[in-house]
Amino acid sequence: MTFSLKSIAIGAAAGFVAALLSASASSPSLLSIVIMLLTPMPVLLAGLGWGPAAGIAAVAAAVVTIAVTGHPLLALIHALCITIPAAAMAHFASLGRPGA
């Protein structure tokens with residue numbers, strides 16, 4: 001696992017996007033269901049494309065963004081239910097790749 005500045009920056013951007021998707025899903029509409037289902041997608045893409053370091057950075061950025069803009073308990077719930085499982089899935093999926 002390499003902690004390059006590029007992968008950490010991409011992971012942080014993905015975490016920020018995941019936090020924005022989670023915040024925008026709070027409106028009462030049918031589109032909010034689709035948006036909530038797409039919330040882990042940036043973390044998955046960062047973890048699969050740029051490695052586990054990007055996934056960890058995405059989790060950290062999403063949790064910090066939600067804790068600052070919302071409530072720390074909401075950030076903890078978001079981390080335990082959405083971002084940490086997404087980063088773990090990306091890590092486990094990349095274990096089968098020979099170059100990862």
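**Core, surface patch and buried polar side chains**

Ser94 lies in helix 5, which spans residues 72-94. The model described here is predicted. Ser94 counts as buried because its relative accessibility is 6%, and the cut-off for burial is under 20%. Its side chain makes a polar contact with the backbone: the backbone oxygen of His91 is reached at 2.9 Å.

A second buried polar residue sits outside the helices. Thr39 is found in the loop between helix 2 and helix 3. Its relative accessible area is 0%, so Thr39 is buried. The side chain of Thr39 reaches the backbone oxygen of Met36, at 3.2 Å. Residues up to four places away in sequence aside, Thr39 touches Ala18, Leu21, Ser22, His78 and Ile82.

The largest nonpolar core holds 11 residues. Its members are Ala14, Ala18, Val43, Leu44, Ala46, Ala54, Ala58, Val59, Ala86, Ala87 and Ala90. Four helices each supply at least two residues of this core: helix 1 (5-24), helix 3, helix 4 (52-69) and helix 5. Ala18, one of the core residues, is also among the residues touched by Thr39. Contacts of another core member, Ala86, were examined as well. With neighbours within four places in sequence left aside, Ala86 is in contact with Pro40, Val43 and Leu44. Of these partners, Val43 and Leu44 are listed in the core.

Helix 4 also carries Ala60. At 40% relative accessibility, Ala60 counts as partly exposed. This value falls between the limits of 20% for buried and 50% for exposed. Ala60 and Ile84 are 24 residues apart along the chain. Their C-alpha atoms are separated by 9.4 Å.

The surface was considered next. Leu31, Val34, Leu38, Met41 and Leu45 make a nonpolar surface patch of about 460 Å². Two helices each supply at least two residues of the patch: helix 2 (30-37) and helix 3 (41-50). Helix 3 thus appears in both settings. It supplies at least two residues of the nonpolar patch and at least two residues of the largest nonpolar core. Leu31, a member of the patch, has its place in helix 2. Leu31 counts as exposed because its relative accessibility is 58%, and the cut-off for exposure is over 50%.

Note on methods:
Residues numbered from 1 in each chain as written. Predicted model: local features only at pLDDT ≥ 70, side-chain atom pairs only at ≥ 80, totals over all residues. Heavy atoms only, no water. Patch = residues over 30% accessible without salt bridge, like charges linked within 9 Å, V, L, I, M, F, W, Y side chains within 5 Å. Areas by Shrake-Rupley, 256 points an atom, 1.4 Å probe, with all protein chains shown as cover. Salt bridge = Lys/Arg side-chain N within 4 Å of Asp/Glu carboxyl O. Buried < 20%, exposed > 50% of the residue type's maximum accessible area, 1.4 Å probe, protein only. Polar contact = N/O pair within 3.5 Å; in protein donor to acceptor, adjacent residues only side chain to side chain. Core = buried A, V, L, I, M, F, W, Y, C linked by side-chain atoms within 4.5 Å. Contact = heavy atoms within 4.5 Å.
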